[in-house]
Amino acid sequence: MAVVGLVTTGTVRATERALAPISLVAEGEQGVTGHVLLSHSLLDAPRRLVDVYVLSPLAVSPAHQRTGIGTRLIERALAEAEGTAAPLVFLEGSPVYYGKRGFERADTLGFRSPSLRIPPPAFQVRRLSCWEPWMTGTLVYAAAFWDLDCVGLRD
Ligand SMILES: CC(C)(COP(=O)(O)OP(=O)(O)OC[C@H]1O[C@@H](n2cnc3c(N)ncnc32)[C@H](O)[C@@H]1OP(=O)(O)O)[C@@H](O)C(=O)NCCC(=O)NCCS
């Protein structure tokens, strides 16, 4: 499996911000088997707004799940994020899955969720090497997340 960069357009990807989107695909013999996107959002920290990444979506084709592709996409995306000025990568997801892949529950680290509809254990963060202890506060999703109504869970 190869993980390669992907240049595409779309509502989330097209958001012009300080952090360029990181979009990766996994390719197998039969074509694309997985995809991950890191896009820009803001952390409303006491000192100032901080540019951060949000990991969403992550998807592996059903026929190729549980073979390590998701794990490798996350590892590669985090390595790419380390090469930027981003101090943090947030996501919504399974704490079991992402907890084994370097993410921590965000609310216990001083971060506030962007929505009450995100179960607290699902609101997670990975602190990168640029992170400093004053960088706490509320995650403010980019407008595309609200435009697409893809935040948290609905009844
Ligand atoms: C979740 C998903 C990205 C995992 O990718 P993957 O390539 O199958 O995962 P990997 O092979 O790297 O890792 C396998 C592990 O994931 C776990 N796993 C697989 N699907 C899972 C799911 N839906 N929820 C929680 N854990 C899951 C396996 O139990 C296994 O656990 P282990 O590490 O304890 O052995 C993939 O199943 C998928 O695309 N699901 C549908 C879309 C989705 O739910 N995306 C996540 C949105 S936050």
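# Close-up views of a predicted chain

**View 1. Strand β9 meets strand β3.** Leu42 has Val140 of β9 as its bridge partner. The model shown is predicted. Next to this pair is another one: Leu43 is bridged to Leu139 in β9. Over three bridges, β3 and β9 (residues 137-140) pair in the antiparallel sense. Find Leu42 and Val140, then trace the β9 strand from there.

**View 2. Strand β7 takes up β9 in parallel.** Strand β7 spans residues 111-112. Which way do β7 and β9 run relative to each other, parallel or antiparallel? They run parallel, and two bridges join them. Phe111 faces Gly137 of β9 across this pairing. Compare the pairing of β9 with β3, which is antiparallel.

**View 3. Hairpin β2-β3.** Strand β2 covers residues 22-28. Seven bridges tie β2 to β3, and the two run antiparallel. Ala26 makes one such match, with Gly34 as its bridge partner in β3. How many residues lie between β2 and β3? Two residues do, and the strands form a hairpin.

**View 4. Hairpin β3-β4.** Strand β4 runs over residues 49-60. It is joined to β3 by 10 bridges, again in the antiparallel sense. Four residues separate β3 from β4 in this hairpin. Leu43 sits opposite Val50 of β4. Leu43 also has Leu139 as its bridge partner in β9.

**View 5. Strand β3, enclosed.** Why is β3 described as largely enclosed by the rest of the structure? Because 10 of its 14 residues, numbers 31-44, are buried. Leu37 belongs to this strand. Leu37 has 23 C-beta neighbours inside 10 Å, so it counts as buried; the cut-off for burial is 20 or more. Now look for Asp51, which is 14 residues from Leu37 along the chain. The C-alpha atoms of this pair are 16 Å apart.

**View 6. The nonpolar core.** The largest nonpolar core holds 33 residues. Leu38, Leu55, Ala77, Val89 and Phe90 have the most contacts inside it. At least two residues each come from β2, β3, β4, α1, β5 (88-92) and β8 (123-127). Which element gives the most to this core? That is β4, with seven residues.

**View 7. Val89 and its neighbours.** Val89 lies in strand β5. Is Val89 buried or exposed? It is buried, because 23 other C-beta atoms are found within 10 Å. Leaving out residues up to four places away in sequence, Val89 touches Leu38, Tyr53, Leu55, Leu78, Ala81, Val125, Arg126 and Leu128. Leu38 and Leu55 are also among the core residues with the most contacts, as is Val89. Thr136 is a useful landmark here: it is 47 residues from Val89 in sequence. In space, the two C-alpha atoms are 13 Å apart.

**View 8. Around the ligand.** How many residues surround the ligand? There are 15, and the closest are Val60, Gln65, Gly70, Thr71 and Gly93. Two or more residues of the shell come from each of β4, α1 (69-82) and α2 (95-99). By type, the shell divides into six nonpolar, seven polar and two charged residues. Strand β4 therefore appears in two views: here in the ligand shell, and in the core, where it gives seven residues.

**View 9. Zooming out to the whole chain.** The protein chain has three helices and nine strands. Starting at the N terminus, the elements follow the order β-β-β-β-α-β-α-β-β-β-β-α. The C-alpha trace spans about 50 × 30 × 30 Å along its principal axes. The radius of gyration is 15 Å, which agrees with the value near 15 Å for a compact globule of 155 residues. Buried residues make up 31% of the 155. Which share of the contacts with a separation of 6 or more comes from residues 24 or more positions apart? That share is 66%.

Notes
Residues numbered from 1 in each chain as written. Predicted model: local features only at pLDDT ≥ 70, side-chain atom pairs only at ≥ 80, totals over all residues. Rg over C-alpha atoms; globule rule 2.2 N^0.38 Å. Buried ≥ 20, exposed ≤ 12 C-beta atoms within 10 Å, placed from the backbone. Contact = placed C-beta atoms within 7 Å. Pairing = 2+ DSSP bridges. Near = placed C-beta within 6 Å. Nonpolar A, V, L, I, M, F, W, Y, C, P; charged D, E, K, R; others polar. Core = buried A, V, L, I, M, F, W, Y, C linked by C-beta atoms within 7 Å.
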